[in-house]
Amino acid sequence: MVKSSYNSNIIMQLAVYCMRLLLSCSELGLGHVSRIIPLGKRLEKRGHELFFFSGGKAHEMLQKEFFHVYKCTPISWYENASGIITSASLLNLIFPLPLFNMENHRFELKSPSAMETIHRYYDLRKNLHDIAPDVLIADGDINALRLAERWRIPSLYIANMIRPSYGFSTFLSPGERLVERYVKNCTRIVIPDNPPPYTVSEYNIGNTDAMGLKGKTEYTGSFVDMTPVEGGGEHIFVPISGPPGTRGKLVNTLLPVLEKVKTKCVISLGTPGKKATAKIGNSEIHNWLSVKERSEAMRNARFVIFSGGHATCFETIKHGKPSICIPTQPEQLANAAKLQDLKCSLIAKNSKQLCNAVEKMQNNLNYYTQKMKTLTEFSSKHRGLERATEIVETILD
């Protein structure tokens with residue numbers, strides 16, 4: 001009888017422990033979904049029931065990994081072949097604008113971002129009653145935080161940008177403050193980055209204490225396994241990512257410079273599909289690299305040239321590779337500025353600056369590599385994914 005009671009207590013504890021979790025991530029870049037997938041896998045393995053929401057390619061990636069995946073309206077900036085256009089994006093908050101879809105090769109009318117936001121909120125809300133989540137986890141998705149506040153659901157916000165200040169227009173400040181309202185009201189905030197003074201996204205996060213977030217914010221470290229990886233220095237690795245316009249802008253900046261570089265270059269264009277490879281000068285150009293191929297290319301690089309996305313920043317840190325950043329948006333510029341302040345990277349905004357940066361990096365490679373090793377050693381001390389899981393599982397305590 002005692003044994004039966006003991007087993008019943010264990011079953012009761014497990015029933016309480018296993019939660020129903022709603023996870024929503026932004027599709028503005030694939031950095032958000034690249035974090036939510038490993039976190040979801042870990043939470044799923046620990047017995048929690050998961051329900052995912054996202055749009056665009058992030059939704060497609062989630063469908064390949066999980067069972068309960070719902071599609072919601074994607075929210076996007078206005079961009080063309082030159083990348084993201086801030087002025088047009090601001091105008092597009094309210095007004096629809098014509099846009100050439102570079103993937104479908106046709107003109108379309110882009111809906112106002114305000115309408116996309118409204119539709120996304122109701123897409124999230126539509127299944128809320130059936131899911132009845134114990135906790136809501138949002139990676140970069142403010143709409144989900146608004147939903148959590150409205151329906152009084154405990155929430156966890158995963159972010160590498162809260163109050164950006166580096167390169168952001170002052171016209172965006174009112175919007176930032178509006179967003180912060182929902183951030184302040186969430187239960188916990190996880191920043192998947194190093195604690196200060198080695199926080200890569202420092203200039204994108206801002207002063208959390210001054211924002212009234214003290215006590216609920218934690219720098220957990222990256223969700224990537226940051227165990228250092230040793231490799232060679234056979235080539236320059238250039239992983240290109242982002243929306244079509246951003247990728248096009250990077251290619252137009254890179255190729256005129258890399259065609260003249262004597263060192264072998266391995267370039268990934270970031271366009272999934274049938275694999276194809278071409279050679280231009282000393283550059284080996286791939287339309288797409290698998291995870292294994294990308295890791296191998298990173299491991300054997302002398303240095304890396306990329307746009308400055310947060311996820312790729314930590315790839316370069318894991319592999320101990322200094323870098324040159326070509327930012328295409330303010331968030332990337334802020335990450336690049338921090339890495340440059342840490343003497344791990346150089347910033348180039350056009351082909352001329354890139355040419356100078358490549359020469360400087362080649363001539364001072366040992367210096368930048370040693371600085372990066374210091375950052376790698378610090379980053380490897382943190383287990384962000386494990387700590388984030390612990391926070392999720394104790395959020396109801």
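Two strands are treated as paired if DSSP finds at least two bridges between them. The legends below describe close-up views of a predicted model.

**View 1. The pairing of strands β14 and β15.** Strand β14 is joined to strand β15, residues 283-286, by four bridges. The two strands run antiparallel. Within this pair, K279 has E284 of β15 as its bridge partner.

**View 2. The seven-stranded open sheet.** The pair shown in View 1 belongs to an open sheet of seven strands, which follow the order β14-β15-β13-β12-β16-β17-β18. The pairing in this sheet is mixed. Strands β14 (277-280) and β18 (345-347) stand at the edges; each has a single partner strand, so one side of each is left without a neighbour in the sheet. From one strand to the next, the twist averages 20 degrees.

**View 3. Helices α11 and α14 against the sheet.** Helix α11, formed by residues 291-299, lies across three strands: β12 (235-239), β13 (265-268) and β16 (301-306). The helix runs at about 140 degrees to β12. Helix α14, formed by residues 351-363, also packs on the sheet, where it touches β12, β16, β17 (323-325) and β18. The direction of α14 makes about 155 degrees with that of β16.

**View 4. The surroundings of cysteine C25.** The structure holds zero disulfides, and C25 illustrates this absence through a distance. The cysteine sulfur closest to that of C25 belongs to C72 and lies 8.2 Å away, which is too far for a bond; a disulfide would require the two sulfur atoms to be within 2.5 Å. C25 counts as buried because its relative accessibility is 1%, and the limit for a buried residue is under 20%.

**View 5. The cysteines C313 and C325.** For C313, the closest cysteine sulfur is that of C325, at 5.7 Å. This separation is likewise too far for a bond. C313 has a relative accessible area of 0% and is therefore buried.

**View 6. The whole protein chain, for orientation.** The secondary structure of the protein chain comprises 16 helices and 18 strands. Of its 397 residues, 49% are buried. Among contacts in the chain with a separation of 6 or more, 64% are between residues 24 or more positions apart. The accessible surface of the chain comes to about 19400 Å², and carbon and sulfur atoms account for 55% of that area.

Terms used: Residues are numbered from 1 along each chain as its sequence is written. This is a predicted model: local features need pLDDT of at least 70, side-chain atom pairs count only at pLDDT 80 or more; totals for chains, interfaces and linings use all residues. Side-chain values use heavy atoms; hydrogens and water are left out. Buried means under 20% relative accessible area, exposed over 50%, partly exposed in between (1.4 Å probe, protein chains only). Axes are lines fitted to C-alpha atoms, for helices over the stretch in contact, and angles run from 0 to 180 degrees between N-to-C directions. Contact means heavy atoms within 4.5 Å. Accessible areas come from the Shrake-Rupley method with a 1.4 Å probe; for residues, only the protein chains shown count as cover.
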